[in-house]
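Trainee: Hello! I have a structure to get to know today. Could we walk through it together, one question at a time?

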Amino acid sequence: MGSQYGKIFRITTFGESHGHSVGVVIDGCPAGCRISLEHVQAWLDRRRPGQSHLTTSRQEPDQIDCLSGIEDGVALGSPITLLVKNQDHKKQDYEALAKVYRPSHADYTTESKYGVVPSSGGGRASARETIGRVAAAAIAEQVLHQMLPELQIFAWVSAVKDFEFKSEEFSDFSRASIDLSLVRCPDAESSKKMISIIEEAKSRGDSVGGQLTCCIRNAPVGLGEPVFDKLEADLAKAMMSLPASKSFEVGSGLAGTRLFGSEHNDLFVRDGDRVRTITNLSGGIQGGISNGEDIVLRIGFKPVSTIQMPQQSLSRDRETIEFTAQGRHDPCVLPRAVPMVEAMATLVILDHYLRNLGSRLR
């Protein structure tokens, strides 16, 4: 399985959703960096289940345990191993689904590829796998802040189903302000509307999807490695590797395809010693390389596949059946996907920054 990511700052995630534990092994963390496990725990607390009635009721403390690579708060340069034990896993909730291909889930494709599937839950296809990514990103963020103290990476829910919160200006946004909202949307009125949409779907046993927007602010100029490792290409791969992700845009995205070149071009201007652009339809990336402007991404997430409504499907014996899924699932993945998106952006930026350090003689 493809459980590794990164070239210099490399991570390997492990574990299944209802197994003993999940976690990550990190290679390439620079020796001597100061690392706080409390900071890692804070990231995991933002991702964990059971945060509100808008998320799954599974109660997991997601307590981090460091097995190697950090001593007295300092990275040793050796592999860092972080572990979280699964405590509230209930395999019995999935017994009725053991012989059913859940619609739009990974049961059929996983079985077809590997010949075996986990006996309960989604295994590696479950969003619980992202614990390792988020824990690794909490380490990566601390490395970045020691190298690039002005860098900021934050995401927010910008659409739920067909309701969209549009904002061309987000200079006042921050993780702290976004997290004040139950649904992680920085606009109070939009949050209320989004919450009501999720609540209505949950009351019927259904689910909804939507969109996140992510901003990477104060990234240095020059990140990205054309031709095949362009910055937006690696960001796209990172985001599309997340569970339930279905679309990716940078800058103007699809809307930019409807403009003339004269409308879409970002004109260069001088700002003191800096080269800036008047507009930012490029989304902070030109020619696959960061230009110093805000990197703006939008990621679409589908409705959660497992819903508590009667559905028709096939059994593993290829018989048509009707079933209703049991277990505990998010009616909308978006609020908990915010730290996951921030995590993948952080991992990409650190990996490219470390690669950049050896890309030229001066």
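Trainee: Are E189 and K192 buried or exposed?

Mentor: Good place to start, and keep in mind that this is a predicted model. A residue counts as exposed when its relative accessible area is over 50%. By that cut-off, E189 and K192 are both exposed.

Trainee: How far apart are the N and O atoms where the side chains of E189 and K192 meet?

Mentor: Look at helix α5, residues 188-203, which holds both E189 and K192. Because they are three residues apart there, about one helical turn separates them. Their side chains meet in a salt bridge, with an N to O distance of 3.5 Å.

Trainee: Which residues are joined into one network by salt bridges that share partners?

Mentor: One pair to look at is R184 with D179, whose closest N and O atoms are 2.7 Å apart in a salt bridge. R184 is buried, at a relative accessible area of 7%, while D179 is partly exposed at 29%. Through shared partners, salt bridges join these two into a network whose members are R46, E141, R175, D179, R184 and E342.

Trainee: How many residues apart in sequence are the parts that D229 and K7 tie together?

Mentor: The side chains of D229 and K7 form a salt bridge, 2.8 Å from N to O. D229 sits in the loop between β10 and α6 (231-240), and K7 in the loop between β1 (4-5) and β2 (10-15), so the pair ties together parts whose separation in sequence is 222 residues.

Trainee: Is D229 buried or exposed?

Mentor: The relative accessible area of D229 is 17%. The cut-off for buried is under 20%. D229 is therefore buried.

Trainee: How many salt bridges does the structure hold?

Mentor: We have already met several of them, including D229 with K7 and R184 with D179. For the structure, the total is 22.

Trainee: How many disulfides does the structure hold?

Mentor: A disulfide needs two cysteine sulfur atoms within 2.5 Å. For C33, the closest cysteine sulfur is in C29, 5.3 Å away, which is too far for a bond. For C215, the closest is in C214, at 7.2 Å, again too far. The number of disulfides is zero.

Trainee: What relative accessibility does C215 have?

Mentor: C33 makes a useful companion here, since it counts as buried at 8% relative accessibility. C215 counts as buried too, and its value is 0%.

Trainee: Which residues lie nearest the centre of the second largest pocket?

Mentor: This pocket has a volume of about 780 Å³. Its lining is made up of 25 residues, and β8 (152-160), β10 (210-217) and β16 (295-301) each supply at least two of them. Nearest the centre are S167, E168, G251, V296 and R298.

Trainee: How many charged residues are in the lining of that second largest pocket?

Mentor: Sort the lining by class: eight residues are nonpolar and eight are polar. The charged residues number nine.

Trainee: What is the radius of gyration of the protein chain?

Mentor: The chain has eight helices and 18 strands. For 362 residues the globule rule gives 21 Å, and the chain comes close to that, so it is as compact as a globular protein of that length. Its radius of gyration is 21 Å.

Trainee: What percentage of the residues of the protein chain count as buried?

Mentor: Along the principal axes, the C-alpha atoms fill a box of roughly 65 × 50 × 40 Å. Of the 362 residues in the chain, the buried share is 51%.

Methods: Residues numbered from 1 in each chain as written. Predicted model: local features only at pLDDT ≥ 70, side-chain atom pairs only at ≥ 80, totals over all residues. Heavy atoms only, no water. Buried < 20%, exposed > 50% of the residue type's maximum accessible area, 1.4 Å probe, protein only. 1 Å grid on protein atoms, 1.4 Å probe; cavity = no way out; pocket = protein on both sides within 12 Å on 5 of 7 lines; lining within 4 Å. Points joined across faces, edges and corners; volume = space filled by probe spheres on them. Helix = DSSP H or I, 4+ residues; strand = E, 2+ residues; numbered from the N terminus. Nonpolar A, V, L, I, M, F, W, Y, C, P; charged D, E, K, R; others polar. Salt bridge = Lys/Arg side-chain N within 4 Å of Asp/Glu carboxyl O. Rg over C-alpha atoms; globule rule 2.2 N^0.38 Å.
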